[in-house]
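Reader: Hello! I am new to this structure and would love a close look at a single part of it. Could you take me through the surroundings of one strand, step by step?

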Amino acid sequence: MPSSSQRYPRMLSRRSFVAASIAATGAGAAAVLPAQHQGQFYPGARAENVDLSGFTRSQGNAVLRATFASFEQEALTITYEDRTWNASLADLGMAIDYESMLDQAWALGRDAGLTGRYAVLLDQAEDRNIPLILTRKAEVLDAYLADLAVEIAVPARDARLVRRGSEIQILADQTGSKLDIDQARADIQAAVQHPTPSEIALGTLDIPPDVTSSDLEGAKEDAVVLVSDPVVIELDEMSWELTSNDLTAALMIPKDGDAKLDTSTFTPILTNFADEARREPTNAVLGWDGGLYVVEDDQNGRETDIAELEELIAAAAATDDRTVEMPMKAIKAEVREDNLDTLGIDEIIAEGSSSFAGSSEARAENVRVASGHISNTLIAPDAQFSFNRNLGPISLDMGYVEGKIISGDWTANDLGGGVCQVSTTVFRAALRAGFKFEEWNPHSWRLAFYEADGSPPGMDAAIYQPNEAEEKTWEADLKFTNPLDSWLLLQMVVDGETATAQLCGAPLDYSVEIDPPKVSAPIKPPRKPVEKVNPKLRRGERKKVQNAAPGYKVELTRRILRDGQEIDSGVFPSHYEPQPEVWEVGPR
């Protein structure tokens, strides 16, 4: 055996051997070795223990991806108690950096100098293994852990007092738990250092309750007083009750503190009580006679002072007198005698009129009744006027009587016949004021009533209120929005057999022109008369109730001008259907 002085370090021997080999082969022969491995990984090149020797780069890439594919899809099994989650590398915000691993393995021998390169080529160099390289997105891992934290979280439960029948008992506290995110993150990062599917168990941290059972013992006596009986709230003839269960749910006992009620817990309940107690204010009813005047005074509304009510409840719950008066605040009306000068109503800005001369007594009465109900209507700036809503229900209680209305192909008697005379009159005023209409419905027939005062065809407006719930889709209304900065007052004046609608507001800075209507040639009515059975007639008796009349198509154009220049225009089309001849006949 050679002595220690005769032994050399292994690396030194290899270098000497390689140097001697290079010298022996000569320059020409030495050039053959690199050429043989051109475009290939040098011998000994390994990536996470995968031998890449002799592979091209693309082959090496394919080998690595195939080797680690299952690890990428199932990198880690995470457990907690009896639950399991399987996480891929992507779930954890990680990915294998194949390019970096291939770059480093490719450089083996190519960056080691002549002696090192030939040591590699002659398979005399130390093996070199490139470890697993991962890219990481911390925010993805944090989001994944946050989701896990939600799944396994057990909230702490404070001790609290509960009602069991007639007794108040202490519901014991409970310690909660939450995911130890820092430890989980460290365990995951350690587990994926090598591409072998592995498993980790999640750890948790305790969450102590804020209020323990022992904290409540001293406050139990006071708590019993607070929740022992209901608290009754009274107002006028109305009353409401907060039950013992309501009060118990609001109990709050801070650590080392006294029992009290968290009155904010009552807010949803008290809001319902307040809604029942609320009364909306009523605006003053105004009229116009060269200036505004008050027809009826305004009335204040009222609303509950919920903050004060909560204080009263908390105080009453601590005593034997457990009844409180609901505290109320006044709500002022928007339109009052003391603020008429702020409404901006300075003059009559537009009028519309119509004649109901020749109407039956019932129809004339309905015109007067409807005019009274719609008159003195106030419309706030930007608010929408609805004829039906402001008119109210057409009913016997409101003073209406039966009159003729259009029903399908003939006229019929129905409650409120003649109300359309009033909607037509209001439409004419709003038309002349230049207002835009959200809803307008011309009549289905051209009616002489609406032209009796010399008005052209096309200036009528039909309304209809359903008699039955299933007729809701048949409702016809007249709607427009107040475009002015001022309030509007709609006032109806009935003088003899003429109804006039007056719109009062701030002076307009534009003028309105309505062109003569374009009227089509007459559309012939059906030749065949329409028959309608009237059980009041004798058998075989016939009574003519409607003459045939032609139909027309009418277009009415309105133009709005400012300083002589047209700034807007619109066409109001009416398609008046031809009217058939109608007979009532006795039962057959």
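Author: Happy to help; what follows is a walk around strand E35, its partner strands, the core and the salt bridges.

This is a predicted model, in which local features need pLDDT of at least 70 and side-chain atom pairs count only at pLDDT 80 or more, while totals for chains, interfaces and linings use all residues. Residues are numbered from 1 along each chain as its sequence is written, and side-chain values use heavy atoms, with hydrogens and water left out.

A word on confidence comes before the details. pLDDT is the predictor's confidence in each residue, from 0 to 100. Its mean over the protein chain is 87, and 85% of the residues reach 70 or more. Over residues 406–410 the pLDDT is below 50, and residues 1–31 stay under 50 as well. Where pLDDT is low, the predicted coordinates should not be read in detail.

Now to the strand. Helices (H or I, at least four residues) and strands (E, at least two) are DSSP runs, numbered from the N terminus. E35 covers residues 552–562. Two strands pair if DSSP finds at least two bridges between them. E35 pairs with strand E36 (residues 565–576) in the antiparallel sense, over 11 bridges. Here Tyr 552 stands opposite Tyr 576 in E36. Two residues sit between the strands of this hairpin, and Asp 563 takes a positive phi near 55 degrees.

E35 has further antiparallel pairings. Strand E31 (residues 511–514) joins E35 over four bridges, with Val 512 opposite Ile 560. Strand E32 (residues 518–519) pairs with E35 over two bridges, and there Lys 518 has Glu 555 as its bridge partner.

E35 also contributes at least two residues to the largest nonpolar core, as do helices H13, H14 and H15 and strands E22, E29 and E30. Such a core is a set of buried Ala, Val, Leu, Ile, Met, Phe, Trp, Tyr and Cys residues joined through side-chain atoms within 4.5 Å. Buried means under 20% relative accessible area, exposed over 50%, and partly exposed in between (1.4 Å probe, protein chains only). The core has 44 residues; Phe 387, Val 426, Phe 435, Phe 437 and Leu 478 touch the most other members. H15 supplies the largest share, eight residues. Contact means heavy atoms within 4.5 Å. Leaving aside residues up to four places away in sequence, Phe 437 touches residues including Leu 478, Arg 558 and Phe 572.

Charged side chains complete the picture. Side chains of opposite charge can pair when their charged atoms come close. A salt bridge is a side-chain nitrogen of Lys or Arg within 4 Å of a carboxyl oxygen of Asp or Glu, and by this rule the count comes to 21. In one of them, Asp 568 meets Lys 436 (4.0 Å, N to O). Asp 568 lies in E36 and Lys 436 in the loop between H15 and strand E27 (437–439), so the pair ties together parts that are 132 residues apart in sequence. Asp 568 is partly exposed at 28% relative accessibility, while Lys 436 is exposed, with a relative accessible area of 58%. Finally, salt bridges that share partners join Glu 513, Asp 515, Arg 559 and Glu 566 into one network.
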